[in-house]
Each structure stands twice: as C-alpha cells, then as structure tokens.
Amino acid sequence: MIRDLFSSLSMRNRLLLSFITILALMSFSSYLSVSYFDRTANQLQSLVEDQTRRTILAQRATQQAQTAAYLLLQLLQTEDREARKKIYRSMDKALAMSDAAVRTLSKEPEYADVDNLIQLRAEYGELFQQTVELIESNGLVPAKQHFEAHTNPVLNKLLAETEQVSIEQQDSMLKSEQHLQSRSDSVTLVIIVTELMLIILSGLLAYRISRGFSREIDNTVASADRIASGDYEDYPSQANTPEMARLERSLNRMKHSILTRELFIKRLAYEDNVTKLSNRNRFLEIVREAVKQSEGSIILVDINRFSQINSALGHEVGDLVLREVGQRLAARLSDRDLIARLEGNTFSIFLEDHTEPEALEEVLNELNSAVADSIQIKGQRLDIDLSMGASSFPTISRNMDTLIRSTEAALNEAKRKKLTFHIATQAEKSDNDSLLSLLGELRTALFDNQFALLYQPKFDLHTRRLKSVEALLRWNHPRQGAVRPDLFIPFAEKTGFVRQITPWVIEQAVKD
C-alpha cells in the first residue's frame with residue numbers, strides 16, 4: 001500500500017518526501033548523539049565530583065589522623081602542663097575533623113567499606129585516652145611506655161587504613177572513568193554505525209529514486225526513438241509519475257499529429273487528387289518492385305475522345321468522368337490488383353498473375369464492360385469507350401522501361417487499328433539512340449537537299465473540282481532511306497528547327 005502510494009506521487013513530491021525522510025533520520029540521529037553525550041558528560045561530571053569528594057574525605061581523615069599522632073608525640077615530650085593543654089585542644093580538633101570525614105565517607109551511598117577504619121578509630125581513641133591519662137597521672141615515662149606498647153601500633157594501623165581508603169577511592173575513580181570511557185567508546189561506535197547505516201539508507205533511497213526516474217526517462221526516450229523511426233504503434237503506458245504521464249501523453253499527441261501529417265503527405269505523394277486513386281508515383285513504385293521478383297501484367301487504359309468532352313462540357317465534367325470511370329474500373333478488379341491514374345485520361349492497372357493471354361483477355365473484356373452503360377453527369381448522358389494496351393512480365397521483359405514502352409506501343413496499336421485492346425507479344429525496341437542520331441543530321445539534311453515534298457489533293461465534292469493540295473514533308477536519308485515523319489517532325493518542332501525548315505517548304509512548294 002505504501003509502495004503504491006509512493007508510486008502515485010509526482011517527482012517533486014517524491015524528492016521532497018525523500019529529503020524530509022533523510023533530514024528527519026539525520027536529525028533523530030544527531031538528537032540521540034547529543035543526548036547521549038550530554039548525559040555522559042553529566043554522569044562524568046557527577047562521578048568526578050563524587051569521587052573527588054570521597055577522595056578528599058579519605059585524604060582529610062588521613063591527614064587529621066597524622067596530625068593527631070604528631071601532636072601525641074609532641075605531648076609525650078612536653079613537661080609543662082599549660083603547654084600540654086594547648087596540644088590537647090589541637091589534638092581534639094584534629095581527631096574531631098578525622099572522625100567527621102570518616103562519618104561522612106561512611107554515609108556515601110556507593111561506599112561502605114570504612115567499617116575497619118571506624119573500628120580502628122574507636123580502638124585508637126581508647127588507647128589515646130589511656131595514654132593521655134597516664135601522662136596526667138603517672139608522668140611522661142609510663143605514658144611513653146604505654147604509647148610504644150599499645151597506642152602506636154594501633155595508630156600505625158589507623159594511618160595505614162586511612163591511606164588505603166584514600167588509595168581505594170582514587171582507584172575507584174579511575175575505574176569509573178575507564179568504565180565511562182568504555183561506554184562512551186561503545187556508544188560512539190553505535191553512533192558511527194548508525195550514521196553509516198543512515199548514509200547507506202540515504203544512498204539506497206537516492207539510487208532507487210534515480211533508478212526510477214532513469215527508467216522512466218529511458219522509456220520516454222525509447223518512445224521518442226520509436227516515433228523517430230516511424231513506429232506509431234500505441235504501447236501500454238509505463239509512466240509511474242504524473243510528470244512522466246503528462247510527457248507520455250504529449251508524446252502520444254505528437255505521434256498522432258505526425259502520423260496524421262505523414263498520412264496526408266503520403267496521400268498527396270501517392271494519391272491522385274481528382275479520382276482519389278493511386279497516382280503515377282505509387283504505380284511505378286509498386287510495379288518496379290514486382291517486376292524484379294514476381295509475375296504479372298500491366299494495362300494502360302485510355303478514354304477515347306476525352307479532349308472533346310473537356311472542350312464541349314468543361315474540365316469539371318471531365319474530372320467527374322475520370323472519377324466515374326476510375327471507380328467502375330476499380331470495381332472490376334480484385335483487392336490484390338492496383339489501379340492508378342497515370343496521366344491525363346490514361347489509367348494504369350497492375351495485375352498480379354494473369355500472365356496468360358486468355359486470362360489477360362478475360363480481364364480486358366471485363367474492364368471494357370465496366371463502361372458499357374452510359375454515364376449520367378449533370379443531366380448529360382455520355383457514352384464512353386476505351387482503348388487498352390497490355391503486356392506481361394517476365395514474358396515481355398523484366399526491364400521496367402521496356403515493359404512500359406511495350407504497353408504504350410500496344411495501346412497505340414489498339415488505337416491505330418480501332419480495337420478495344422491489344423496485347424503486346426514482344427518487347428518494343430527503343431528508338432532513342434537512332435532518333436538522337438537523326439536529330440543531329442537534320443541540319444545536314446536541309447543543306448544537302450535530302451528533304452522532299454509530296455502533295456495530297458483536296459477535292460470539293462460540291463463543285464467536284466480540285467481546290468488545293470497539302471504539302472507533306474518527307475526525308476530521304478542516304479543510309480536509312482525514307483524516315484517516317486512521326487520520327488523527325490516532333491523533334492524538329494520541339495527543338496525549334498522547324499522554323500528553318502518552313503522557309504524551304506514554302507519556297508519549294510511555290511516552285512513546284
């Protein structure tokens with residue numbers, strides 16, 4: 001559930017949440033560290049104060065006991081009673097201060113090992129009092145003997161015990177310091193490990209977030225690359241953040257816009273704008289590939305007397321005729337076949353298979369029957385008839401130019417013989433090379449008098465008299481013989497050389 005909630009967040013909120021989480025963990029870790037060190041410092045300060053106080057008490061008890069012992073030795077050497085009174089007061093003060101230090105030390109909650117010291121102090125007090133009484137009653141000599149025999153050994157034990165108490169207090173303080181230092185080292189290690197874990201956790205969190213971002217960016221880049229390569233398929237959304245979802249939606253909108261524009265451009269490039277059929281580019285592209293590796297036939301269909309329709313009824317009606325004829329022809333073809341408007345009033349058809357003459361004739365008859373019924377356009381009834389030429393590959397050739405040229409020749413043959421269709425039986429040879437050679441020899445032909453005129457009479461049937469004649473230009477080539485007018489006159493007209501031939505024709509006609 002938490003993972004789904006996190007996945008639904010935006011990139012900004014993910015980063016903000018991750019930053020807040022890391023900051024909270026670091027703040028918590030810092031708080032723990034500061035709290036522990038503050039507590040440790042307080043404990044260390046309290047320990048130092050307690051141990052110092054105990055050590056001072058032990059040292060004070062020892063010092064005052066030593067002072068009392070020194071005063072007792074001084075007392076044993078003092079003969080004057082008045083002088084001894086001063087020493088008594090000092091001894092009482094020293095012993096009282098030593099007893100106070102021992103009593104205070106015994107009340108410490110963590111220190112109770114002063115029982116032996118208290119016992120020795122009580123024993124020493126009794127012997128000390130006996131020694132003082134001997135001084136006052138029997139004199140210094142018996143008192144010294146009592147001191148040496150009884151009081152001094154206990155005093156030495158008392159001094160040794162107080163010294164031991166002081167040493168134990170110092171050792172105890174050292175051990176406590178070592179214990180606190182050990183605890184401090186342990187906690188420091190724990191804090192270091194915690195910080196390392198926090199760093200690792202932050203790194204893992206950053207890695208996971210960056211990996212998620214990187215994966216989404218990679219998916220988006222891959223989508224853009226697919227669009228760039230022309231792949232416009234709709235794939236399932238892989239966006240995990242609102243930002244990437246918006247970017248993905250923008251890419252999809254861009255993809256559909258590009259696809260729409262490409263389809264429109266492709267339609268402009270491959271679709272005839274009048275008939276909505278394929279155009280010349282599309283037809284030649286498909287046939288060029290088919291000619292290389294398969295079998296089939298191509299057909300050229302020409303609408304006879306179409307120029308008269310345009311002249312009499314206008315180009316708008318002519319366009320409607322083209323559209324209607326194209327639709328009727330397309331209706332007689334299979335889905336595997338292709339029909340295109342090649343140019344003007346000429347349609348081109350590509351048939352898969354149908355390479356046998358019988359099968360091809362059947363298709364041609366079917367196409368011709370498509371216009372058997374009149375066409376009704378804007379109240380006008382038009383009867384349409386077609387001329388068709390066909391050729392098959394590889395029967396004729398696998399060369400595209402040869403195949404088209406042969407089909408055009410078949411169409412021209414059908415028109416010339418006023419047939420519905422004609423099927424090419426052999427490849428049409430190209431006359432381009434010879435025509436180019438003839439074009440280069442036109443000027444020579446003019447100056448060498450290779451041209452001649454023939455006259456075709458014009459007879460008036462009403463008066464039954466010859467009214468005029470039409471001059472026909474002929475070329476008698478010295479090597480090729482008579483050259484057909486349709487081979488050199490179009491070239492002469494296109495190149496402008498006809499302007500040089502015309503004066504010769506007029507002059508020769510006048511002479512004749």
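Me: How much of the contact set is long-range in this chain, counting contacts with a separation of 6 or more?
Reply: In this predicted model, residues 24 or more positions apart account for 68% of the contacts in the chain with a separation of 6 or more.

Me: How many helices and strands are there?
Reply: The chain contains 14 helices and 10 strands.

Me: And what share of the residues is buried?
Reply: Of the 512 residues, 36% count as buried. The accessible surface of the chain is about 31,500 Å², and 53% of that area belongs to carbon and sulfur atoms.

Me: Let us take one residue, Ser 348. Is Ser 348 buried or exposed?
Reply: Ser 348 has a relative accessibility of 0%, so it counts as buried. Its place is in strand S3.

Me: Which residues does Ser 348 touch?
Reply: Leaving out residues up to four places away in sequence, Ser 348 touches Phe 283, Ile 299, Leu 300, Leu 338, Ile 339, Ala 340 and Leu 342.

Me: Now the surface. Which residues make the nonpolar patch?
Reply: Tyr 455, Phe 459, Leu 461, Leu 466 and Val 469 make a nonpolar surface patch of about 530 Å².

Me: Which strands supply at least two residues each of that patch?
Reply: Strand S8 (451-460) and strand S9 (465-477) do so. Phe 459, for instance, lies in strand S8.

Me: Why is Phe 459 classed as partly exposed?
Reply: The relative accessible area of Phe 459 is 49%. Exposed requires over 50% and buried requires under 20%, so a value in between is called partly exposed.

Me: What about charge: which residues form the negative patch?
Reply: Glu 295, Glu 356, Glu 358 and Glu 361 form a negative surface patch. Of these, Glu 356 is found in the loop between strand S3 (346-352) and helix H10 (357-369).

Me: On to backbone geometry. Which residues does the cis peptide bond join?
Reply: The cis peptide bond joins Phe 393 and Pro 394, with omega at about 5 degrees. Pro 394 is in the loop between strand S6 (386-393) and helix H11 (400-416). In general, most peptide bonds are trans.

Me: What is phi of Lys 276, and where does Lys 276 lie?
Reply: Phi of Lys 276 is near 65 degrees, a positive value in a residue other than glycine. Lys 276 lies in the loop between helix H6 (242-270) and helix H7 (280-293), and at 53% relative accessibility it counts as exposed.

Me: And Lys 418, what is its phi?
Reply: Phi of Lys 418 is near 55 degrees, again a positive value. Lys 418 sits in the loop between H11 and strand S7 (421-423) and is exposed, with a relative accessible area of 76%.

Technical notes: Residues numbered from 1 in each chain as written. Predicted model: local features only at pLDDT ≥ 70, side-chain atom pairs only at ≥ 80, totals over all residues. Heavy atoms only, no water. Patch = residues over 30% accessible without salt bridge, like charges linked within 9 Å, V, L, I, M, F, W, Y side chains within 5 Å. Areas by Shrake-Rupley, 256 points an atom, 1.4 Å probe, with all protein chains shown as cover. Salt bridge = Lys/Arg side-chain N within 4 Å of Asp/Glu carboxyl O. Helix = DSSP H or I, 4+ residues; strand = E, 2+ residues; numbered from the N terminus. Buried < 20%, exposed > 50% of the residue type's maximum accessible area, 1.4 Å probe, protein only. Lys, Arg positive; Asp, Glu negative; His and termini not counted. Charge placed at Lys NZ, Arg CZ, Asp CG, Glu CD. Contact = heavy atoms within 4.5 Å.
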